[in-house]
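Reader: Hello! I would like a close look at one part, the contact between chain A and chain B, please. How many residues does the contact take from each chain?

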2 protein chains.
Amino acid sequence: MSSDIELDHIGIAVPNHNSNSTFWKVLGWDISKVSTEIVEDQKVKVAFLNTKNKARLELLESTSDESAVAKFISKRGPGIHHICLRVKNIDGLLKNLKSAGIKLINETPVLGAHQCRVAFVHPSSTGGILVELSEGTK
Amino acid sequence: MSSDIELDHIGIAVPNHNSNSTFWKVLGWDISKVSTEIVEDQKVKVAFLNTKNKARLELLESTSDESAVAKFISKRGPGIHHICLRVKNIDGLLKNLKSAGIKLINETPVLGAHQCRVAFVHPSSTGGILVELSEGTK
């Protein structure tokens with residue numbers, strides 16, 4: 001059963017980008033050589049670890065104690081924060097999800113990393129997973 | 001920064017495969033048409049949702065109250081249980097991880113879904129993520 005959706009990335013909340021760098025290094029990713037980007041809206045600095053099939057690991061380091069990522073780590077400890085699915089028509093999809101009774105955190109897209117238009121779906125409608133939908137080029 | 005590792009799948013603990021089927025349906029996956037497989041070793045029935053870039057979502061339904069997935073749901077509720085990275089030489093990689101001081105749940109591979117050789121890495125060495133390493137064909 002396939003959909004034309006792509007798994008874009010897994011967002012991982014980390015105390016800082018160098019946390020567990022030994023583990024990532026043995027797997028083939030040298031964190032010290034990964035470029036980073038600040039996402040002002042979400043108060044995070046992100047580093048992307050690319051994989052061969054283009055589904056990335058996004059290390060999320062908080063830039064403020066008030067960020068969602070800082071609160072997540074404070075409550076649960078570091079770990080998987082969200083998954084991101086790449087979709088074709090985010091406006092149409094959000095409309096369809098809302099019509100189906102799915103609880104949306106963003107009913108209209110906001111700006112995410114790499115200037116993509118993104119929207120989050122509430123975990124109560126997805127089985128406990130914070131799902132980011134993203135439209136745009138990588 | 002790229003590695004030749006692939007993100008094979010995200011394992012999602014679900015009460016049953018039909019939980020939140022409306023959400024998956026709007027995204028393009030009809031759960032009722034997805035084939036399932038029992039993984040005896042782990043006491044789960046799995047259903048794979050394929051994506052365009054081959055990184056799958058694996059819905060994990062427990063077949064026993066004693067399974068790791070049943071215990072996970074009982075403790076934390078449904079949600080992301082693990083991520084699986086597809087690797088080329090699992091024996092060599094496990095050896096390198098152990099040498100680097102990474103805590104392994106399986107020091108030698110066991111049999112997972114689709115007869116792949118798999119091994120789990122302990123979340124204490126990965127930043128709170130249960131990481132499955134898998135070698136084999138999909």
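Author: Happy to help! Contact here means heavy atoms within 4.5 Å. By that rule, chain A gives 49 residues to the contact and chain B gives 49 residues as well. Please keep in mind that this is a predicted model, in which local features need pLDDT of at least 70 and side-chain atom pairs count only at pLDDT 80 or more, while totals for chains, interfaces and linings use all residues. Residues are numbered from 1 along each chain as written, chains are lettered from A and ligands numbered from 1 in the order written, and side-chain values use heavy atoms, without hydrogens or water.

Let's see how the copies are arranged. Chain A falls on chain B after a rotation of 180° with 0.0 Å of shift along the axis, at an RMSD of 0.0 Å (a least-squares fit on C-alpha atoms with pLDDT of at least 70 in both copies). The two copies are therefore related as by a two-fold rotation axis. Both use the same surface, since 100% of the contact residues of chain A recur in chain B.

Between them, the chains bury about 4,100 Å², with 71% of it on carbon and sulfur atoms (accessible area, 1.4 Å probe, lost on putting the two parts together and summed over both). Zero salt bridges are found across this interface (a side-chain nitrogen of Lys or Arg within 4 Å of a carboxyl oxygen of Asp or Glu). On the chain A side, the elements giving two or more residues are strand 1 (6-14), helix 1 (21-27), strand 3 (44-49), strand 5 (79-86), helix 3 (90-99) and strand 8 (131-135) (DSSP runs numbered from the N terminus, helices being H or I with at least four residues and strands E with at least two). Helix 1 of chain A gives the largest share of that side, five residues.

Several of those strands also belong to a sheet. In chain A, eight strands form an open sheet in the order 2-3-4-1-5-8-7-6, with mixed pairing (two strands pair if DSSP finds at least two bridges between them). Strand 2 (36-39) and strand 6 (110-111) of chain A have a single partner strand each and stand at the edges, so one side of each lacks a neighbour in the sheet. Strand 5 and strand 8 of chain A run parallel, joined by four bridges; there A:L85 has A:L133 of strand 8 as its bridge partner.

Although the interface has zero salt bridges, the structure holds 14 over all chains. One joins A:R117 to A:E135, with the closest N and O atoms 2.9 Å apart. A:R117 lies in strand 7 (residues 117-121) and A:E135 in strand 8 of chain A, so the pair ties together parts 18 residues apart in sequence.

Now over to chain B. Its open sheet of eight strands has the order 2-3-4-1-5-8-7-6, again with mixed pairing. Strand 1 (residues 6-14) and strand 5 (residues 79-86) of chain B pair in the antiparallel sense over seven bridges, and B:L7 has B:L85 of strand 5 as its bridge partner. Strand 2 and strand 3 (residues 44-49) of chain B are antiparallel too, with four bridges joining them; here the bridge partner of B:V39 is B:V44. These two strands of chain B form a hairpin with four residues between them, and B:K43 in the turn has a positive phi of about 55°.
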